[in-house]
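Here are a few exercises to work through with the model open beside you. Try each task before you read its solution.

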Amino acid sequence: MSLLNDDTFKNQTAIVTGGGTGLGLAVSSRLGRMGATVVCVSRNTGHHTELLARGEQEGFPVVSRALDVRDARAVKTVVREIRDTCGGIDVLVNNAAGNFIRPAMMLAPRAFASVIDIALNGVFYMSREVGRVMRDTGGRIVNISAPYAATGKPGVVHSACAKAGVEAMTKTLASEWAGYGIRVNAVSPGPFVSAGAADRLWPSKEMEKAILGQIPLGRFGTTGEVADLVCLLASNDVPWMTGTILLADGGWSLPDPMMNPEDGRIDRRRQSSD
Ligand code: NAP
């Protein structure tokens, strides 16, 4: 359920990286339904088909552009083109990332660098170019982090390092760009169901059950409930929020979520029930 009005993003332009799949698709669709012109950028425009269809059916404009956020030069060109075509940029959602489970000792340096390149460097390239456009008008940037940036978790050293950098970037740019009227915040969602997440993050039934057992609220999140928070931070309805990392994870990052406070024993009911 959205906290925002139907016309919250009327006459605004919003760029969503990776905006055609998973969380990005949910964010793009919501921004469009609330009046935005949505600019979806990712490597493969075939991934924008569903968003384009929703835009056509529901009557919101979608601009689809091929862009690899690792390519700083291409980022500059595409952002300037969007600025010129749309007459400015009001919102940037840095959602694109790559992730998979791999023990650190088995992670190739190239694989580590590749994830850092998309999920950290790409966020900087996008923020830098869009920030230069927003400098004259103000705007909102929302980054997507993950709770393990703060807590650590086995198997995701590449993504955890990238997201920790994204959180540092969020706070740094929030502080540096506040004078331009640019607010920079992040949402840090726990495990939520997206097309790719199940294959890459909990590839077996055992892993799925183990992760569910770590979430006190006992379920994965949905793209819709995370997207609602992203849209809230992307709106002008929270004008005093900047540099915030908004956690929504069903309690995943709380320590010892299964401990029974009456006897201190670990309650494994959730792990053992199907
Ligand atoms: P997803 O469906 O796999 O989407 C990733 C998107 O990023 C795709 O649309 C992909 O499009 C785009 N992308 C990947 N590399 C790119 C590049 N080099 N340049 C431009 N676009 C690129 O992922 P998701 O599960 O919805 O996750 C979305 C965000 O939430 C990510 O930041 C992720 O780290 C974060 N997150 C996810 C979970 C979870 O449980 N799913 C939990 C915490 C945080 P192309 O292939 O077309 O490039």
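**Exercise 1. The pocket**

What volume does the largest pocket have?

*Solution.* Keep in mind that this is a predicted model. Step one: the volume of the largest pocket is about 1300 Å³. Step two: look at its lining, which has 50 residues, and find those closest to the centre of the pocket, namely A97, G98, N99, R200 and L201. Step three: sort the lining by class, and you get 25 nonpolar, 19 polar and 6 charged residues.

**Exercise 2. The elements of the lining**

Find the elements that give two or more residues to the lining of the largest pocket, and say which gives the most.

*Solution.* Begin with the helices: α1, α6 (157–177), α7 and α8 (205–213) each give two or more residues to this lining. Then add the strand β2 (37–42), which completes the list. Of these elements, α7 gives the most, with 5 residues.

**Exercise 3. The ligand and its shell**

Where does the ligand sit, and which residues are the closest to it?

*Solution.* First, place the ligand: the space it takes is the largest pocket. Two elements give two or more residues to the shell around the ligand, α1 (22–33) and α7 (195–201). Of the elements, α7 gives the most to this shell, with 3 residues. Next, take the whole shell: 28 residues surround the ligand, and the closest are T21, S42, H47, N95 and S194. By class, the shell divides into 13 nonpolar, 10 polar and 5 charged residues.

**Exercise 4. Polar contacts and cover**

Take T21, R43 and H47 in turn, and give the distance from a polar side-chain atom of each to an oxygen atom of the ligand.

*Solution.* Use 3.5 Å as the cut-off for a polar contact between N or O atoms. For T21, an N or O atom of the side chain is 2.7 Å from a ligand oxygen atom. For R43, the corresponding distance is 2.8 Å. For H47, a polar side-chain atom lies 2.7 Å from an oxygen atom of the ligand. To finish, consider the cover: on its own the ligand has 900 Å² of accessible area, and the protein covers 92% of that.

Conventions. Residues are numbered from 1 along each chain as its sequence is written. This is a predicted model: local features need pLDDT of at least 70, side-chain atom pairs count only at pLDDT 80 or more; totals for chains, interfaces and linings use all residues. Side-chain values use heavy atoms; hydrogens and water are left out. A residue is near a molecule or strand if one of its heavy atoms lies within 4 Å of it. A polar contact is a pair of N or O atoms within 3.5 Å; within protein, one must be able to donate a hydrogen and the other to accept it, and residues adjacent in sequence count only if both atoms are side-chain atoms. Accessible areas come from the Shrake-Rupley method with a 1.4 Å probe; for residues, only the protein chains shown count as cover. On a 1 Å grid over the protein atoms alone, a cavity is a set of points where a 1.4 Å probe fits but cannot get out, and a pocket is an open set with protein on both sides within 12 Å along at least five of seven lines; lining residues have an atom within 4 Å of a point. A molecule sits in a cavity or pocket if more than half of its atoms lie within 2 Å of its grid points. Helices (H or I, at least four residues) and strands (E, at least two) are DSSP runs, numbered from the N terminus. Ala, Val, Leu, Ile, Met, Phe, Trp, Tyr, Cys and Pro count as nonpolar, Asp, Glu, Lys and Arg as charged, and the others, Gly among them, as polar. Grid points are joined across faces, edges and corners, and a volume is the space filled by probe spheres set on the points.
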